Amino acid sequence: MSRVRRWLPGLLLVTPSIIAIAVFVYGMLGWNFRLAMTDQHDEISTGEFVGLENFVSLWDQERWGISVRHAIVFTAVFVGGALILGWLLAFLMEKGIRGEGGFRTIYLFPMAISFVATGVVWRWLMNSGQDDQAVGLNRLFDGLGLDFLQNSWFRDQDWGMAAMAIPAIWQMSGYVMALFLAGFRGVPEELREAARVDGCREWQVYRYVVLPFLRPVTLSALIILGHISLKVFDLIVSVSGKQIITDVPAVFMWVAVFDSHDPAKGATIAAYIVLSVTVFVVPYLIWNARRERRS
Amino acid sequence: MRRRWMSAVAVTVAGMLSLAACGGGTEQATGGGTAKKQVEVFSWWTGPGEADGLKAMRDIFQKQNPDLTFFDAAVAGGSGDKARALLSSKLQANQPPDTFQGHAGAELQGYIKAGKLEPLNALYDELKLKDVFPQQLVDQITYEGNVYSVPVNIHRSNVLWFNPEILKEAGVAGAPKTIEEFVTALEAVKKTGKIPLSIGSEWTVVHLLESVMLGSMGTDAYNGLWAKGADWSGAAVTKALNDFKTIMSYAGAPQDDWQPAAKQVADGAAAFNIMGDWAYGYFHNPPDGGLGKTSKEDFDWAASPGTDGTFMWLSDSFTLPKGAPNKEGAMAWLKVAASKEGQDAFNPKKGSIPARKDADSALYTDYLKWDLEQWANGKLAGSLQHGVVANDPWKTAITEAVGLFLQSKDAAKLQQALAEAAQSNNQ
């Protein structure tokens with residue numbers, strides 16, 4: 001009886017969330033995959049099972065290729081940029097700066113803003129007008145005599161998505177900084193001193209002692225940024241709406257469901273987004289589980 | 001120990017209750033409508049002008065129906081993107097509002113096919129609406145013999161807005177009448193260093209495409225494109241798309257939306273812009289809602305090249321959803337929306353013209369006066385971008401093809417994509 005008393009209250013406490021997650025997360029995921037494997041291409045038909053046909057035929061569509069390419073460019077620039085900038089900021093903080101608390105708050109603040117608000121501001125900053133028509137950043141460059149820096153930002157056909165990653169980097173690098181700062185602080189001072197006594201130069205201390213310690217932090221940051229990046233929707237929609245020039249899978253999914261009225265196609269794109277995030281997350285979970293077992 | 005037990009149970013129950021509350025809430029909202037004799041009117045009229053127009057119509061409705069309460073279920077967002085997303089989830093859950101706004105024409109087809117709308121033929125007969133609306137309008141919104149909506153207003157899509165100063169500077173005498181003249185004028189403006197043609201985001205280019213196709217192909221051929229089995233691969237479409245490509249080569253850098261593109265014309269940075277007549281309010285209204293420009297001096301307008309005598313229309317209309325909680329209330333609203341009084345109260349505020357032919361023309365001045373004359377005397381063509389001629393999936397496919405064209409600049413590929421879109425959607 002006393003044993004039951006120990007675990008039952010706990011179970012009762014979590015039961016609602018277990019049920020809610022089972023229904024609203026895994027149930028819906030399953031329902032989505034089932035829908036993706038039917039031919040329900042409008043809202044009224046019931047849809048027959050067609051296997052993986054939708055998953056294959058999506059690759060024949062030019063728009064899908066474009067949106068996948070955009071997602072890859074965006075992810076590469078955003079994840080890379082946020083990691084490097086976040087690391088750099090953390091590194092400078094760690095070197096002991098006056099008023100560190102203030103700087104930390106300033107760098108973390110953008111994270112408190114929603115992507116929608118960021119998008120609205122950066123849409124103006126990244127306006128593509130130049131010279132007489134310039135506003136935002138182009139106006140700044142024009143005024144400073146740095147005319148050559150003016151560019152069409154996210155309206156550039158090849159590298160527009162790299163520009164689109166700038167607001168995302170701006171928003172998330174403070175968060176990455178906080179992660180790295182915690183990582184830096186986790187390196188025992190004795191280890192660094194031991195390395196110095198052994199004749200390491202300062203950069204060698206970082207290369208051989210501090211960086212290896214940061215590996216788990218880097219991995220966590222990578223996962224967090226990666227899954228945000230692959231699902232990005234709000235930022236894109238608030239900067240440019242649903243235009244092909246900045247199309248990504250999540251926006252394409254929205255168009256397929258609400259404009260084309262093609263549930264099966266939307267579900268297929270959603271399934272691909274989930275799968276691409278899984279590719280990121282599952283290795284991390286495995287790695288994490290192993291590490292926990294080891295310790 | 002007992003304390004912990006109690007608190008665990010309390011939290012669990014609270015969790016269950018809050019889940020149940022989610023389900024209960026919506027039911028109450030719609031169920032309550034009948035009891036209070038409330039009429040839920042769903043629209044996306046929240047902006048300046050349009051919200052005032054809605055309020056004017058609402059006042060008339062309240063006066064005529066003192067026992068009914070008007071419930072304004074407006075959802076903000078230009079051209080109703082967000083409103084329609086919410087609406088489709090409401091309809092799918094079979095919890096429709098009593099009446100909702102929709103673009104008249106093919107945009108409603110999805111709802112009609114899904115059996116979500118009641119035909120309004122009886123109302124049309126009762127109010128003799130077929131006599132007061134232009135015959136062509138009634139034809140173009142009839143689907144398989146039935147009419148499903150009451151058009152409240154009419155907007156014109158094929159308007160060429162231009163800056164008279166720049167035209168003078170470039171040596172262009174007046175607005176171009178044909179596509180060829182238009183291209184010559186664009187070339188002349190280009191030499192002055194100004195932007196010949198301003199464009200906004202992707203949808204404004206689709207808007208431009210419909211005007212160019214209408215101007216290049218002529219009204220009958222354009223209207224024919226939306227009939228079953230129409231020929232999208234033929235030479236007429238090829239020519240229209242090549243014209244479109246030529247015209248697009250004079251376009252300036254794309255702006256964020258239609259307003260900044262129109263502003264370029266008003267500010268004297270660009271010569272031409274093709275946009276619907278809602279641009280008039282933006283040009284003309286005093287600052288805050290508009291640019292405060294003087295018509296005929298700072299900006300001027302004409303039918304878009306090659307479309308003189310044809311009115312490319314779009315219209316907001318109200319419908320009767322199947323299973324509307326308060327059907328009688330909805331019918332009362334539709335009667336106000338169809339009436340001369342209602343339309344004359346709404347339209348001058350919204351900056352559009354009534355769909356009825358018998359409107360009080362003294363209420364409509366300046367641009368709207370011209371608009372009203374054109375509406376009464378011209379041929380009609382339905383707008384593509386604004387939901388008259390193509391249903392949602394078709395329109396989305398065309399928008400996608402235009403978006404891809406903006407990247408590739410390949411007119412042949414555009415034509416192929418348009419032909420495929422027509423084939424797979426126009427059944």
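**Notebook: charge, cover and salt bridges in chains A and B**

**Entry 1. The positive patch.** I began with the surface charge of chain A and found that Arg290(A), Arg291(A), Arg293(A) and Arg294(A) gather in a patch of positive charge on the surface. The model I am reading is a predicted one. I then located one member of the patch, Arg294(A), in helix 12 of chain A, which covers residues 263-294. Is Arg294(A) buried or exposed? I noted a relative accessible area of 68% for Arg294(A), so this residue counts as exposed.

**Entry 2. The nonpolar patch.** I next looked for nonpolar side chains on the surface. Ile19(A), Ile21(A), Val23(A), Phe24(A), Val25(A), Tyr26(A) and Met28(A) form such a patch, and together they have about 670 Å² of accessible area. I placed Val23(A) in helix 1 of chain A, residues 2-36. The relative accessible area of Val23(A) is 42%, and because residues between 20% and 50% count as partly exposed, I entered Val23(A) under that heading.

**Entry 3. Chain A as a whole.** I recorded the secondary structure of chain A as 12 helices and zero strands. Read from the N terminus, the order of elements is α-α-α-α-α-α-α-α-α-α-α-α. The C-alpha trace of chain A spans about 80 × 75 × 30 Å along its principal axes. Chain A has 295 residues, of which 41% are buried. I also checked how far in sequence its contacts reach: among those between residues at least 6 apart, 68% join residues at least 24 apart.

For the surface of chain A, I noted about 15900 Å² exposed, with carbon and sulfur atoms supplying 66% of that area. How many positive and negative side chains does chain A have? I found 25 positive and 25 negative, and the centres of the two sets lie 14 Å apart.

**Entry 4. Phe91(A).** I looked up Phe91(A) and found its place in helix 3 of chain A, residues 62-94. Its relative accessibility is 23%, so Phe91(A) is partly exposed. Which residues does Phe91(A) touch, leaving aside those up to four places away in sequence? The contacts are Phe184(A) and Tyr206(A). I also took the separation of Phe91(A) from Gly266(A): the two are 175 residues apart in sequence, and their C-alpha atoms are 43 Å apart in space.

**Entry 5. Salt bridges of chain A.** A search of the whole structure gave 24 salt bridges over all chains. In chain A, I examined the one between Glu189(A) and Arg196(A), whose closest N and O atoms are 3.9 Å apart. Both partners are partly exposed: Glu189(A) has a relative accessible area of 39%, and Arg196(A) stands at 33%. I then followed this pair into a network of salt bridges that links Lys95(A), Glu189(A), Arg196(A) and Glu202(A).

**Entry 6. Salt bridges of chain B.** I turned to Asp220(B) and Lys379(B), whose side chains meet in a salt bridge at 3.7 Å, N to O. Where in chain B do the two partners lie? Asp220(B) is in helix 11 (residues 219-224) and Lys379(B) is in strand 15 (residues 379-382), so the pair links distant parts of the chain, 159 residues apart. Asp220(B) is exposed at 56% relative accessible area, whereas Lys379(B), at 41%, is partly exposed.

A further bridge joins the side chains of Lys296(B) and Asp300(B), at 3.3 Å, N to O. Here I found one partner partly exposed, Lys296(B) at 48% relative accessibility. The other partner, Asp300(B), has a relative accessible area of 13% and is therefore buried.

**Entry 7. Helix 16 of chain B.** I listed the buried residues of helix 16 (residues 340-350) of chain B: Gly342(B), Gln343(B), Asp344(B), Ala345(B), Phe346(B), Asn347(B) and Lys350(B). What covers these buried residues? The cover includes helix 2 (50-64), strand 6 (149-151), strand 7 (153-156), strand 13 (316-319), helix 15 (327-338) and strand 14 (353-354) of chain B. Finally, I checked the backbone just after helix 16 of chain B, where Gly351(B) takes a positive phi of about 85°.

How values were computed: Residues are numbered from 1 along each chain as its sequence is written. Chains are lettered from A and ligands numbered from 1 in the order in which they are written. This is a predicted model: local features need pLDDT of at least 70, side-chain atom pairs count only at pLDDT 80 or more; totals for chains, interfaces and linings use all residues. Side-chain values use heavy atoms; hydrogens and water are left out. Patches are made of residues with over 30% relative accessible area and no salt bridge: like charges are joined within 9 Å, nonpolar side chains (Val, Leu, Ile, Met, Phe, Trp, Tyr) within 5 Å. Accessible areas come from the Shrake-Rupley method with a 1.4 Å probe; for residues, only the protein chains shown count as cover. A salt bridge is a side-chain nitrogen of Lys or Arg within 4 Å of a carboxyl oxygen of Asp or Glu. Lys and Arg count as positive and Asp and Glu as negative; His and the chain ends are not counted. The place of a charge is taken as NZ of Lys, CZ of Arg, CG of Asp or CD of Glu. Helices (H or I, at least four residues) and strands (E, at least two) are DSSP runs, numbered from the N terminus. Buried means under 20% relative accessible area, exposed over 50%, partly exposed in between (1.4 Å probe, protein chains only). Contact means heavy atoms within 4.5 Å.
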